[in-house]
Amino acid sequence: MSNVYTRVKIYDRSKCSTCKQEWTGNVAADMGKECLSFICKKCPGNGYLKFAALGIKRRGIVSSGTSSLEDQKRAAQDVLAAFEECFNGEQSILEYALHEKYSAHYSLAEIALKCRDFYRAIDHFTKAEESLGEFCQDKNHIGFMELQMQIVQAQCKQRGEDAAAISKTLLPFLRAIFEKSKEMYGKDSHITLGDGFYVALILCEIGQLNEAEELISGLHSKAQRVLGPDHDLTKKIKVLMSKHGMSE
């Protein structure tokens, strides 16, 4: 069995065999742990399989909603260590492996931000940007836009800027990302609706309530129709509207 075959097959285990969507939450965490345990017992010398399983485990830990920052950090560091062990010096690397590397750096950057370690956050966001460039040649891709915004945000916080100033700095980035989401995913995509919500949130924070209300009203009706009233995003939109006295 070739390395490429085994790497692809184990990566498939990160998704439901029926609907092909990725496992999330505790299911993803448990699947990753069981997969890793099985591989370590049955294929102890196969670093490629171990790397893939570590990636599944990391995503599950992050999405579980109950894991500590330390657990998330350790899971991301394990992925990066396994990447170096498996692919150091290898010329041909599957895109999924590069994506795992990118995601691990992004996760470590977010953890550093939460811990107010801005220097480390900027370092990992920069490495994530470099990793993204290894498998995505389109410099106008939304991923690069998001990373550039995150780096700027971390730099602002490192300088000690207040929340209002940071929000004003981030608004142009968020607007651009929202427009790019419409182009890439469609106006009714949950990704686009989420990006629109963050634009509305920042508009509220800096006092541009008229524009925020116009935007949030459209997002609310779409979220109700596309996602349903019980979806987390729909609920967040309703909370924002209620907080600022906006009518549904």
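This report describes the surroundings of S131 and the aromatic pairs between helices α5 and α6 in a predicted model.

S131 is found in helix α6, which spans residues 118-135, and at 1% relative accessibility this residue counts as buried, because the limit for that class is under 20%. Leaving aside neighbours within four places in sequence, S131 is in contact with K101, Y102 and H105. For H105, which stands 26 residues away from S131 along the chain, the C-alpha separation from S131 is 8.5 Å.

A pair of aromatic rings is described by the distance of the centres and the angle of the planes. The count of aromatic pairs comes to four, and one of them joins Y102 and F135 in an edge-to-face arrangement, with 6.3 Å from centre to centre and 75° between the planes. This pair links distant parts of the chain, since Y102 belongs to helix α5 (residues 95-114) and F135 to helix α6, 33 residues apart. The rings of Y106 and F125 also form a pair, with centres 5.4 Å apart and planes at 80°, so this pair is edge-to-face. Y106 lies in helix α5 and F125 in helix α6, so the pair ties together parts that are 19 residues apart in sequence.

Y102, Y106, F125 and F135 form one aromatic cluster, and the accessibility of each member is listed below.

| Residue | Relative accessible area | Class |
|---|---|---|
| Y102 | 12% | buried |
| Y106 | 14% | buried |
| F125 | 0% | buried |
| F135 | 18% | buried |

A ring also takes part in a contact of another kind at F178, where the charged end of K182 sits over the ring, 4.4 Å from its centre.

Notes. Residues numbered from 1 in each chain as written. Predicted model: local features only at pLDDT ≥ 70, side-chain atom pairs only at ≥ 80, totals over all residues. Heavy atoms only, no water. Helix = DSSP H or I, 4+ residues; strand = E, 2+ residues; numbered from the N terminus. Buried < 20%, exposed > 50% of the residue type's maximum accessible area, 1.4 Å probe, protein only. Contact = heavy atoms within 4.5 Å. Phe/Tyr/Trp six-rings, centres within 6.5 Å; stacked < 30°, edge-to-face > 60°. Lys NZ or Arg CZ within 6 Å of the ring centre and 35° of its normal.
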